[in-house]
Amino acid sequence: MEQSIAIILGPESKLRDKTPILYAMPEQAPGGWTDLKRMRYLDNDISGGRNIKAWLRNEYGGLVLQQPPFDKHKDQSEIFTTIREPKERWWSGIRDFMHMLPYYSWWENEKIMEQWPHFHRATLRIHDIMEQIKPQHLIKVDDTLGDRMVRFAKRHRLLCYGAFPHLRHIRHSRNDIQVMEKKGRKQLEQWLAKNTDRQKQLDEYLEPDYVYWNKVKHQD
């Protein structure tokens, strides 16, 4: 536990890095296609990225990670990204963070709480990424994301054959992990109910993300 905390708080830690993760398609289109549209994908953590990257790799044979400065790359094609309900996304990120410190009440550790409410990539608000990258296409994340992505691909001449991938993190199939996460969330929710200043900090932190969510929340 002490080693995990040292890594989280260490000066060399990149857990809270805010560099956008932007993928381009390979320059050579697969299978001799000549009329396909090129696009780039901005990966917002905990927002369906596992399945979207699996789809792109399956269809295009790979992905090209662009590094900043992004405006210097040859491929300046349009960008799409996914948007998830902000509080739902943040809580998923917190459950992911709990894997680093299982069964530990880290919210009572003053040093760790200096980072509140952004501890790692999965709890980073997307506003800080979207200020750096301006996607042209925002796609809502919910239980019907796969169908929505198939329609998006057809509309924009992107390869998409067969069923859209539906991959889940191992945590969803491990009962021991589920028990740990649910217990940790319940305890943190109880703590937040008593520490309203921290709840207010969280609400204010996530507020800019609702600008993006409000643009897609009624999306078919």
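Hi everyone. Let's start in the middle of the sheet: β2 and β4 run parallel, and three bridges join them. In that pairing, L42 stands opposite T81 in β4. Before I go on, please keep in mind that this is a predicted model.

Now let's widen the view to the whole sheet. Five strands make it up, in the order β3-β1-β2-β4-β5; the sheet is open and its pairing is mixed. At the edges you'll find β3, residues 64-66, and β5, residues 137-140, each of them pairing on one side only. From one strand to the next, the twist averages 30°.

If you'd like to follow along on screen, let's walk through the other pairings. Strand β1, residues 22-24, pairs with strand β2, residues 40-42, in the antiparallel sense, over three bridges. There, Y23 stands opposite Y41 in β2. On the other side of our walk, β4 and β5 pair in the parallel sense, this time over four bridges. T81 shows up again here, standing opposite L138 in β5.

So T81 is a handy landmark: it faces L42 in the β2 pairing and L138 in the β5 pairing.

Let's stay with β4 for a moment. How many of its five residues are buried? Five of the five are, so we can call this strand mostly covered. In a regular strand, side chains alternate between the two faces of the sheet. Here is how that looks in our strand: I79, T81 and I83 point one way from β4, F80 and T82 point the other way, and all are buried. Something else to look for here is helix α9, residues 209-216, which lies across β4 and β5 and runs at about 80° to β5.

Now step just past the end of the strand. R84 is found in the loop between β4, residues 79-83, and α3, residues 86-97. Is this arginine buried or exposed? With a relative accessible area of 17%, R84 falls under the 20% cut-off, so it counts as buried. What does its side chain meet? One polar contact, of 2.9 Å, joins it to the side chain of E88, and another, of 2.8 Å, joins it to the side chain of S92. Setting aside neighbours within four places in sequence, R84 is in contact with I46, S47, R89, S92, V141 and W213. For a sense of scale, the C-alpha atoms of R84 and L22 are separated by 18 Å, and these two residues are 62 apart along the chain.

Next topic: aromatic rings. A search of the whole structure finds 13 aromatic pairs. Let me show you W55 and F164, a tilted pair with 5.6 Å centre to centre and 45° between the planes. The two come from distant parts of the chain: W55 belongs to helix α2, residues 49-60, while F164 is in the loop between α6 and α7, 109 residues away. Both W55 and F164 are buried.

Here is another pair, W90 and W116, and this one is edge-to-face, with 5.5 Å centre to centre and 80° between the planes. W90 lies in helix α3 and W116 in the loop between α4, residues 110-113, and α5, residues 127-130, so the pair ties together parts that are 26 residues apart in sequence. Relative accessibility is 1% for W90, which counts as buried, and 6% for W116, which also counts as buried.

Those two tryptophans have company, too. One aromatic cluster is formed by W90, W91, F97, W106, W107, W116, F119 and W191. Look at W91 in particular: the charged end of R185 sits over its ring, 4.4 Å from the centre.

To finish, let's visit the loop between α4 and α5 again. Q115 has its place there, and it is buried, with a relative accessible area of 12%. Apart from residues up to four places away in sequence, Q115 touches I8, L9 and R16.

R125 is in that loop as well. At 18% relative accessibility, R125 counts as buried. A polar atom of the R125 side chain lies 2.9 Å from the backbone oxygen of Y205. Leaving aside neighbours within four places in sequence, R125 is in contact with R89, E204, Y205, L206, P208 and D209. You may remember R89: it was also on the contact list of R84.

That's my tour. Thanks for listening!

Technical notes: Residues numbered from 1 in each chain as written. Predicted model: local features only at pLDDT ≥ 70, side-chain atom pairs only at ≥ 80, totals over all residues. Heavy atoms only, no water. Buried < 20%, exposed > 50% of the residue type's maximum accessible area, 1.4 Å probe, protein only. Contact = heavy atoms within 4.5 Å. Polar contact = N/O pair within 3.5 Å; in protein donor to acceptor, adjacent residues only side chain to side chain. Pairing = 2+ DSSP bridges. Axes fitted to C-alpha atoms, helices over the stretch in contact; angles between N-to-C directions. Phe/Tyr/Trp six-rings, centres within 6.5 Å; stacked < 30°, edge-to-face > 60°. Lys NZ or Arg CZ within 6 Å of the ring centre and 35° of its normal.
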